[in-house]
Structure formats: structure tokens, C-alpha cells
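Work through the exercises below with the sequence and the structure at hand. Each task is followed by a solution in steps.

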Amino acid sequence: MASTSTFRKETVMPVAAGMLYRWHARPGAFERLVPPWQQIRMVERHGSIREGDRTVLRMRLAPLAWTTWVAVHEGHEEGRAFCDVQSKGPFARFRHVHRFEDAPEGGSVLVDAIEWALPMGVLGRVLGGPRVRADLARAFAYRHAITRGDLAAHASLGSEARPLHVLVTGATGLVGSALVPFLTTGGHTVTRVVRGTPGAGEVAWDPATGPHDPDRWPRADALVHLAGENIAGRRWSARQRERLRASRVEATQRLLEGLARAGRLPPVLVSASAVGVYGDRGDEPLDEASAPGSGFLAELGQAWEASTRVAREAGTRTALLRLGVVLSPRGGALARLLPPARAGVLGPLGSGRQWMPWIALDDVLDVVLRALLDARVQGPVLAVAPGAVRQADLARTLGRVLGRPAFLPMPGWAARVAFGPMAREVLLAGQRCTPARLEALGHVFRFRELEPALRHLLGRAGPAPA
């Protein structure tokens with residue numbers, strides 16, 4: 001008989017138990033709760049969290065080793081609890097109870113209680129038990145932090161009481177794939193704007209021609225426009241520069257013009273932009289009132305923002321999010337930095353003194369939510385963390401979080417040889433940005449400083465207090 005172990009984690013949440021339950025019952029809760037260092041993907045979902053509902057997952061156990069995990073829901077108590085039990089998977093037994101309890105001092109308590117057993121009985125428990133317990137502690141620290149942060153963000157803006165229907169382009173990208181479940185768990189409806197043949201909950205567009213059959217698009221409350229080719233995906237040949245421009249400037253203009261002609265332009269537009277609009281500015285402090293700079297990225301950013309003019313002229317409240325370096329191990333700059341950082345060969349790029357205006361992915365989601373719901377948000381908005389760092393500091397901090405050295409430099413000339421003209425404007429340039437408008441609105445950042453953000457994203461606990 002399998003030897004059973006237990007795990008339990010409780011956290012006070014800033015909302016009533018009913019809202020905590022609804023967050024877990026809505027589409028997207030699973031996607032929001034999967035830690036970014038775990039490779040787990042949804043294969044099938046039958047129902048939600050009610051009695052007899054079922055979820056099928058694919059989970060990576062080791063490089064080149066995947067397994068199927070089937071969980072069946074039982075023990076559902078409306079507004080209070082549900083349970084998922086493994087019917088097929090890597091454990092000999094796995095039973096996870098989710099409970100949502102009112103807290104005496106207000107708010108609620110999230111309780112996750114797990115009973116689990118490994119194959120091979122006592123031997124399996126001795127050999128694998130410590131690893132499983134450590135993995136559970138790491139994963140549920142992340143899950144509870146996400147739940148608490150998401151609920152606090154939605155509650156601060158009265159999000160649940162003002163459900164929106166939101167169109168999202170770039171829904172499969174780094175930000176979009178996190179934004180969709182963030183919005184749906186908050187009670188909003190999302191329609192993905194996709195290329196190709198649309199499925200359920202989707203509409204189609206082509207960046208070269210605009211929306212397909214826009215007369216059939218829903219009359220949405222807002223459009224979040226995140227689509228655009230990866231700036232650092234390829235070397236900047238003349239053709240690639242044109243592709244980058246077309247995917248941002250011409251595509252945005254065609255999308256908005258097509259919606260406007262069909263009478264489907266929503267009253268709110270949140271459109272991506274980037275801090276590259278400022279160019280390389282050294283140590284100059286920058287905020288939304290600062291003038292744009294020079295260079296390819298600066299010119300591209302200005303043209304990208306100008307391409308939303310159709311919406312502004314139609315009376316659509318338009319927020320232009322000047323995104324900094326978005327941090328997530330699932331993609332973008334951090335994903336590219338992790339392999340050399342883990343190998344201990346990450347260090348300064350060029351001088352290392354260039355400013356890196358970063359922002360954690362979860363903070364980007366909160367900024368988008370504010371832009372959707374707060375009528376004061378319009379025009380350029382710097383989506384960057386208050387705690388700006390230099391590139392060498394970022395490398396050292398990442399090395400410290402991973403327990404690796406971070407001192408091996410890459411000279412500027414080597415970066416230019418490896419990456420071409422892109423190196424000068426993406427890797428070796430810097431912008432010392434401050435989120436002045438968000439701060440003036442009283443916006444609360446989950447992560448104001450870099451090290452706590454990296455520890456959260458990578459599941460690395462901080463050093464023990466002295």
C-alpha cells in the first residue's frame with residue numbers, strides 16, 4: 001500500500017470567500033496558477049470545478065519525459081470548496097482539496113490541502129518524498145502570491161462589478177497569453193483576435209489587410225492591441241526593419257480603420273508601445289513628458305503610436321503603454337538570459353552601465369487592467385517598475401538569485417558582431433524611465449524592486465533573515 005504524505009498551505013486573501021471561490025471557478029484559473037518554471041499544458045477540459053468535471057494535462061517530468069495527468073473533480077461545495085483527484089498520472093495517489101473560508105478579521109483564507117503518495121511505497125517516499133515536498137512548497141508559494149495579487153488588483157479597481165468584453169490581439173504572445181486568463185478570472189469576457197480560421201471565442205484578422213468580416217465582430221467594450229513581430233527575433237536587415245514596421249504601424253492602422261468603418265471600434269483602446277521611443281538617453285531621467293529620441297526604434301515607436309490616430313479621432317480613449325523589458329521565464333529577455341546565467345557566464349554587456357527599464361509580467365497585467373477601467377489613463381503611459389537598474393546590476397541580481405557568478409563581460413564590439421545593428425539600440429542602449437503617470441494615479445506595483453520580482457518569477461526563496 002502506498003505511504004501517504006500531506007501538504008498544506010494557508011494564506012489570508014484580501015477579498016471575501018465568495019469572490020475567492022468565483023476566481024477559481026472561472027476560465028483561466030488553471031493557466032494563471034501554473035508556475036512559469038513548470039511545463040504543464042492543458043490538453044482537454046470537461047466542465048469546470050463541479051462534481052464529475054475532468055481535466056487532462058500533459059506534464060514534463062524530465063527532459064524528453066512527459067506524462068499525462070487526468071484529474072477528476074469531486075467534493076464540490078458551492079462558494080466554499082472543491083477537490084481534484086488524480087485518476088491517471090505520476091503519483092500512486094494525489095488528492096487536492098481547495099477551501100475558501102471567511103477570515104474573522106475580514107477577507108478570506110485560501111487553504112490548499114494535499115494528500116499524496118509516490119509509487120513503490122516507503123521506498124518511493126524515501127527516495128522522492130523530499131523532492132516532491134520541496135516542489136509543492138515552491139509551487140504553492142507562487143500560486144498563492146498570484147492569487148492574492150490578482151484579487152487585490154481586481155478589487156482595487158472594482159473590476160468584478162464592471163465586467164467588460166475585451167478584444168485582444170497578440171493573445172498567444174508573452175503578455176497576451178497571460179492577460180487573457182488574468183481578465184477571465186476577474187469576470188471579464190475575452191474574444192481573441194487571431195490570424196487564420198477563428199475558433200470559439202475568436203475573430204480573425206490579417207495584419208496586411210485588417211479585420212475579417214468586421215460586421216460580425218462583437219460590440220466590445222475595449223480592444224487591447226499587443227500584436228507585433230518580435231523586435232529581437234532576427235538580425236535587422238533592411239527587409240526585417242520593414243517587417244517590424246509593417247507588423248506595428250501599417251497593421252495597427254488597418255485594424256483600427258476596418259473596425260471604424262464597420263462601426264465596431266470599441267470606446268477604449270490599450271495599445272502596446274515601448275520605451276525604445278526615447279532612444280539611447282544615458283543617465284537622463286525620463287518620463288511620459290520627455291521628448292522622443294532618435295534611431296530606428298525611436299522612429300518606429302513614434303510611428304506606431306501615431307498609427308492609433310484613427311481611434312483617437314473617433315473619440316476612443318486611447319492608452320499607449322510604453323513597455324519596458326517584460327520579465328518572465330516563459331519568454332522575452334529573461335528567458336534568453338537564463339541559460340547563460342545558470343551556466344555562470346552572464347555578465348555586463350558593453351559597459352554594463354546602460355539603464356534597463358524592467359517590469360514583471362504580472363505588473364504589466366495590472367497596468368493593462370487599470371488602463372481598461374480607469375478613465376484617467378490615456379496617452380503615453382510608462383509601464384516600467386519604479387526601481388530602475390543598470391544592465392550589470394540586473395546580471396548580478398539574476399546571478400545572486402540563481403546562486404551563480406555573473407561577471408563574464410561581453411564587450412560592445414562582440415555584441416555588435418553577434419547581433420548586428422540591433423545590438424546598439426536593444427542591448428547597449430539604455431533609458432532611465434520612471435512611471436510618473438502611474439505613480440501619480442496611486443497605482444500599486446506588485447514588484448517595485450528587481451530581486452523580489454526575480455525570486456517570485458523563478459520560484460527562488462529569499463535568504464533567511466539574520
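## Exercise 1: Cysteines

Cysteine 83 has a relative accessibility of 2% and counts as buried. The model is a predicted one.

**Task.** Classify cysteine 433 as buried or exposed, and give the number of disulfides.

**Solution.**
Step 1. The cut-off for buried is a relative accessible area under 20%.
Step 2. Cysteine 433 has a relative accessibility of 2%, so this residue counts as buried.
Step 3. A disulfide requires two cysteine sulfur atoms within 2.5 Å. By this rule the count is 0 disulfides.

## Exercise 2: Two aspartates

**Task.** Place aspartate 374 and aspartate 213 in the chain, and decide for each whether the residue is buried or exposed.

**Solution.**
Step 1. Aspartate 374 belongs to the loop that runs between α9 and β19 (379–383).
Step 2. The relative accessible area of aspartate 374 is 8%, so the residue is buried.
Step 3. Once neighbours within four places in sequence are set aside, the contacts of aspartate 374 are Arg317 and Leu441.
Step 4. Aspartate 213 sits in the loop between β11 (210–211) and β12 (222–225).
Step 5. With 51% relative accessibility, aspartate 213 counts as exposed, because the exposed class begins over 50%.
Step 6. The backbone of aspartate 213 has a positive phi of about 45°, although the residue is not a glycine.

## Exercise 3: Hairpins around β4

**Task.** Describe how β4 pairs with β3 and with β5, and find the turn residues that have a positive phi.

**Solution.**
Step 1. Strand β3 (residues 54–62) runs antiparallel to strand β4 (residues 65–77), with 8 bridges between them.
Step 2. Alanine 62 has alanine 65 of β4 as its bridge partner.
Step 3. The hairpin of β3 and β4 has 2 residues between the strands, and leucine 64 in this turn has a positive phi of about 70°.
Step 4. β4 also pairs in the antiparallel sense with strand β5 (residues 81–88), over 6 bridges.
Step 5. In this pairing, histidine 73 is opposite aspartate 84 in β5.
Step 6. β4 and β5 make a hairpin with 3 residues between them, where glycine 79 in the turn shows a positive phi of about 80°.

## Exercise 4: The open sheet

**Task.** Give the strand order of the open sheet of 8 strands, name its edge strands, and follow the pairing from β8 to β11.

**Solution.**
Step 1. Strands of a sheet pair through backbone hydrogen bonds, in a parallel or an antiparallel sense.
Step 2. The order is β11-β10-β9-β8-β12-β13-β15-β19, and the pairing is mixed.
Step 3. β11 and β19 are the edge strands, each pairing on one side only.
Step 4. Strand β8 (residues 165–169) is parallel to β9 over 5 bridges. Here leucine 167 is opposite threonine 191 in β9.
Step 5. Strand β9 (residues 189–194) is parallel to strand β10 (residues 202–206) over 3 bridges. Valine 194 has alanine 204 of β10 as bridge partner.
Step 6. β10 and β11 are antiparallel over 2 bridges, with aspartate 206 opposite glycine 210 in β11. These two strands form a hairpin with 3 residues between them.

## Exercise 5: Cavities

**Task.** State how many cavities of 30 Å³ or more the structure holds, then list the lining of the largest and of the second largest and sort the residues by class.

**Solution.**
Step 1. There are 2 cavities of 30 Å³ or more.
Step 2. The largest cavity contains about 40 Å³ of space.
Step 3. Its lining consists of His24, Leu33, His98, Leu110, Asp112, Phe140, Arg143, His144 and Thr147.
Step 4. Sorted by class, the lining of the largest cavity has 3 nonpolar, 4 polar and 2 charged residues.
Step 5. At least two lining residues come from each of β7 (108–117) and α3 (121–156). The largest share, 4 residues, is that of α3.
Step 6. The second largest cavity has a volume of about 30 Å³. Leu226, Val270, Ala272, Leu321, Leu323, Val364 and Val368 line this second largest cavity.
Step 7. Two or more of these residues are supplied by each of β13 (268–274), β15 (317–323) and α9 (361–373).
Step 8. The lining of the second largest cavity divides into 7 nonpolar, no polar and no charged residues.

Conventions:
Residues are numbered from 1 along each chain as its sequence is written. This is a predicted model: local features need pLDDT of at least 70, side-chain atom pairs count only at pLDDT 80 or more; totals for chains, interfaces and linings use all residues. Side-chain values use heavy atoms; hydrogens and water are left out. On a 1 Å grid over the protein atoms alone, a cavity is a set of points where a 1.4 Å probe fits but cannot get out, and a pocket is an open set with protein on both sides within 12 Å along at least five of seven lines; lining residues have an atom within 4 Å of a point. Grid points are joined across faces, edges and corners, and a volume is the space filled by probe spheres set on the points. Ala, Val, Leu, Ile, Met, Phe, Trp, Tyr, Cys and Pro count as nonpolar, Asp, Glu, Lys and Arg as charged, and the others, Gly among them, as polar. Buried means under 20% relative accessible area, exposed over 50%, partly exposed in between (1.4 Å probe, protein chains only). Contact means heavy atoms within 4.5 Å. Two strands pair if DSSP finds at least two bridges between them.
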